[in-house]
Amino acid sequence: MNLENIKKIDPLVADEIQKEFERQQNTIELIASENITSKAVLEACGSVLTNKYAEGKPYSRFYNGCEHVDIIEEVAQERACKLFNMEHANVQPHSGAQANMAVFMYLLKPGDKVLGMDLSSGGHLSHGSPVNFSGMYFDVKSYGVDDFGCIDYENVRQMALEHKPKLIVCGASNYSKIIDFKKFREIADEVGAYLLADIAHIAGLVAAGVHPSPAGYAQFVTTTTHKSLRGPRGGIIMCDMEHARGIDKAVFPGMQGGPLEHIIAGKAVALLEASKPEFKTYAEQILKNAKALAQGLMDEGMEIIGGMTENHLMTLDLRKTSRTGKEMANVLESVGITANKNTVPNDPQTPFVTSGIRLGVPAVTTRGFKEDDMVEVAKIIASAVYSADNKSGLKNLRERSLKLCKKYPLYKG
Ligand SMILES: *Cc1c(COP(=O)(O)O)cnc(C)c1O
């Protein structure tokens, strides 16, 4: 990492960036929404494009001097459409939540009805949580999951029939099963609702063809670019051509000012990377690693919500242990594993404490971890649960996790 210039002007920030690099290098990253983007993406994001104002769309801007960012943004749009098999893409949303916000702004008026997945069941804040704009300005009903952590499609259908929403949102931040976009579309059609598929978590799997695609089912598809897709931090909206103008207007001038062209360049690079055969191999390895981790944990006597995962993540169910999610997230951090606490279905603990830990493998798979390594990770996690009070035991686990980190350095070569 070249921090020469920051070091001269701002040693404090330089020092913390360096330490953050070392933290990433020396910890096993199991936060399911994180990944390790490529050097090529980092270069784009750290480029002179950050200097450029480009309000508007490619070839139709409010500022001059956009001839280069026009080409970059246009190619990002084309790559997104091709990769996800959609007709139109807007690559300007600064984040996934803003991508969703723009779809809401285009389709709905304040007070309109929305059916989305409950946050505590694995949905996202921006799908109608009362503390988010989506829940504040719209009339949201939320569907949950059954005791096995699965969406009950008949229940979703009944709720749709009862409430007649204008928009149904599917997609999740913590859901370990395949999402049936076809079923969601059938339900939406039955009640005359639009369907928004938010594939933020599974975008890399969808791009690689190892998870079914919402294309052809959802009129609107939103995603983040920094999770399994492995690009820079940001969002994308895709839609049918008939909604293109409306979506573009909702993003700008509706919701945002100038687009982040340096990040858009990073998105373009990441979308190209995701179209390569190597990325398909990567996505297949994500599925293998997630299964190996889940099986390894179950072999150690741990419980996983819904049993075997079908994607890149799972929730460890701690209800039968004496540990809470909050406590275990801290214990895991002390042994060099980063993960987040999460609620389980019908969680007896508060959302701040929780009885679960969400685990995801996109980041470690990028580093090169394979199935055997995931079994070792499972053993470390299970031992941490069983011996969270044993100081020397935890020290030993930290050594084992560090050994794995050393085996797979970040940004090698
Ligand atoms: C992460 C996520 C988002 C939000 O992305 P941000 O970039 O954090 O705003 C939206 N929807 C889902 C399903 C997510 O998992």
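**Close-up views of the ligand site and the domain contact**

**View A. Surroundings of the ligand in the predicted model.** The ligand is surrounded by 13 residues, and the closest are Gly96, Ala97, Ser173, Asp198 and Lys227. The structure shown is a predicted model, and the distances in these legends are computed from it.

**View B. Polar atoms of Gly96, Ala97 and Asp198 beside the ligand.** Two of these residues present backbone atoms to oxygen of the ligand. For Gly96, a polar backbone atom is 2.9 Å from an oxygen atom of the ligand. For Ala97, the distance from a polar backbone atom to an oxygen atom of the ligand is 2.8 Å. Asp198 instead uses its side chain: one of its polar side-chain atoms lies 2.5 Å from a nitrogen atom of the ligand. On its own, the ligand has 380 Å² of accessible area, and the protein covers 85% of this.

**View C. The two domains of the protein chain.** The domain assignment places residues 42–274 in domain 1 and residues 284–407 in domain 2. Taken over C-alpha atoms, the centres of domain 1 and domain 2 are separated by 29 Å. Domain 1 contributes 18 residues to the contact, and domain 2 contributes 20 residues.

**View D. The area buried between domain 1 and domain 2.** The size of an interface is often expressed as the accessible area lost when the parts come together. Here about 1,600 Å² is buried between the two domains, and carbon and sulfur atoms give 51% of this area. Asn174, Ser176 and Lys177 supply 33% of the area that domain 1 buries against domain 2, more than any other three residues.

**View E. Polar contacts between domain 1 and domain 2.** Between the domains, 14 residue pairs are in polar contact, whereas the count of salt bridges is zero. The side of domain 1 that touches domain 2 has seven nonpolar, seven polar and four charged residues.

Terms used. Residues numbered from 1 in each chain as written. Predicted model: local features only at pLDDT ≥ 70, side-chain atom pairs only at ≥ 80, totals over all residues. Heavy atoms only, no water. Domains from an automatic or database assignment. Contact = heavy atoms within 4.5 Å. Buried area = accessible area lost by both parts, 1.4 Å probe. Salt bridge = Lys/Arg side-chain N within 4 Å of Asp/Glu carboxyl O. Polar contact = N/O pair within 3.5 Å; in protein donor to acceptor, adjacent residues only side chain to side chain. Nonpolar A, V, L, I, M, F, W, Y, C, P; charged D, E, K, R; others polar. Near = heavy atom within 4 Å. Areas by Shrake-Rupley, 256 points an atom, 1.4 Å probe, with all protein chains shown as cover.
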